[in-house]
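Here's a quick briefing on the fold in front of you, sorted by topic. Have a look at the model first, then go through the notes below.

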Amino acid sequence: MSTITVQGMLPSEFISSYKTDLVFKQIKRYKDKINQEWDEVIHDFLKLDYETENLIYAFVSFVEQDIDIGQEFNHYCYRNDPKAIKKIECRICTIINPLVYLPVDKIGKGHKAICVLQFNPTTKERFQLPVIDGFHMNKNGNEVILFNE
């Protein structure tokens with residue numbers, strides 16, 4: 001079973017700044033280290049339709065296993081109410097490494113990342129999360145645990 005903890009959503013100011021400025025600065029900064037596989041992941045991110053309502057940017061902790069782009073999840077619960085499991089259809093369409101602020105193809109076990117989660121547009125089920133300024137800033141215990149059974 002693949003499991004991640006979604007801590008909270010990123011502020012809209014950061015998302016706007018990232019998409020229009022920071023990602024391009026980081027591409028230039030790391031251009032000598034970007035191989036073809038990494039370049040493809042970055043370009044896939046740049047092609048995303050940012051205006052769609054079915055995408056959210058979130059602070060995510062990976063606790064149990066490696067997670068790849070495309071990982072799908074079909075259930076969720078709030079950390080403070082783990083028995084109230086609900087169905088959902090979402091997947092990770094981008095993983096952004098918080099050390100280099102560039103999209104990557106996966107995050108290793110025990111690490112954290114910024115993720116763009118994409119919900120199935122025909123599914124009405126969504127979870128609610130606060131906007132937070134960084135990892136581990138959600139102090140209310142209402143983080144979301146996404147998993148795939």
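**Briefing: strands, helices and a few contacts**

Ser2 sits in strand S1, which covers residues 2–9. Keep in mind that this is a predicted model. The notes start with Ser2, then go to strand S8, helix H2, the salt bridges and two backbone oddities.

**Ser2 and its surroundings**

- Ser2 counts as buried because its relative accessibility is 16%, and the cut-off for buried is under 20%.
- Its side chain has a polar partner: the side chain of Gln71, at 3.3 Å.
- Once neighbours within four places in sequence are set aside, Ser2 is in contact with Gln65, Ile67, Gln71, Phe73, Leu146, Phe147 and Asn148. Gln71, the polar partner, is thus also on that contact list.

**Strand S8 and its partners**

- Strand S8 runs over residues 112–119 and is mostly covered, with six of its eight residues buried.
- Strand S2 (residues 55–62) pairs with S8 in the antiparallel sense, over seven bridges. In that pairing you'll find Leu55 opposite Gln118 of S8.
- Strand S5 (residues 81–97) also pairs with S8 in the antiparallel sense, here over six bridges. Arg91 stands opposite Gln118 in S8, so Gln118 has Leu55 across from it as well as Arg91.
- Cys115 belongs to S8 and is buried, with a relative accessible area of 0%.
- What does Cys115 touch, not counting residues up to four places away in sequence? The list is Ile56, Tyr57, Ala58, Val60, Phe62, Ile92, Thr94 and Ile95.
- For a sense of spacing, Cys115 and Asp133 are 18 residues apart in sequence, and their C-alpha atoms are 14 Å apart in space.

**Helix H2**

- Helix H2 (residues 36–46) has these buried residues: Trp38, Val41, Ile42 and Phe45. Looking down the axis of H2, they fall within an arc of 95°, so they line one face of the helix.
- What do the buried residues of H2 pack against? They pack against H1, S2, S5, S6 and S8.
- Flip to the face turned away from the buried side of H2 and you get the exposed residues Gln36 and Glu37.
- At the start of H2, Asn35 has a side-chain oxygen that comes within 3.2 Å of the backbone nitrogen of Glu37.

**Salt bridges**

- How many salt bridges does the structure hold? There are three. As general background, side chains of opposite charge can pair when their charged atoms come close.
- Asp21 and Lys25 meet through their side chains in a salt bridge, at 3.3 Å from N to O. Both are in helix H1 (residues 12–29), and because they are four residues apart there, about one helical turn separates them. Asp21 counts as partly exposed, at 36% relative accessibility.
- Asp44 and Lys47 also meet in a side-chain salt bridge, at 3.7 Å from N to O. Asp44 is partly exposed at 48% relative accessibility, whereas Lys47 is exposed at 64%.
- Arg79 forms a salt bridge with Glu143, with the closest N and O atoms 2.7 Å apart. Arg79 lies in the loop between strand S4 (72–78) and S5, while Glu143 lies in the loop between S8 and strand S9 (144–148), so this pair ties together parts that are 64 residues apart in sequence.
- Is Glu143 buried or exposed? At 8% relative accessibility, Glu143 counts as buried, while its partner Arg79 is partly exposed at 44%.

**Positive phi angles**

- Tyr101 has a phi near 55°, a positive value in a residue other than glycine. Where is Tyr101 placed? Tyr101 is in the loop between S5 and strand S6 (102–104), and it is partly exposed, with a relative accessible area of 30%.
- His136 has a phi near 60°, again a positive value in a residue other than glycine. His136 is found in the loop between S8 and S9, and counts as partly exposed at 43% relative accessibility.

Conventions: Residues are numbered from 1 along each chain as its sequence is written. This is a predicted model: local features need pLDDT of at least 70, side-chain atom pairs count only at pLDDT 80 or more; totals for chains, interfaces and linings use all residues. Side-chain values use heavy atoms; hydrogens and water are left out. Buried means under 20% relative accessible area, exposed over 50%, partly exposed in between (1.4 Å probe, protein chains only). A polar contact is a pair of N or O atoms within 3.5 Å; within protein, one must be able to donate a hydrogen and the other to accept it, and residues adjacent in sequence count only if both atoms are side-chain atoms. Contact means heavy atoms within 4.5 Å. Two strands pair if DSSP finds at least two bridges between them. A salt bridge is a side-chain nitrogen of Lys or Arg within 4 Å of a carboxyl oxygen of Asp or Glu. The arc is that of the directions from the helix axis to the C-beta atoms.
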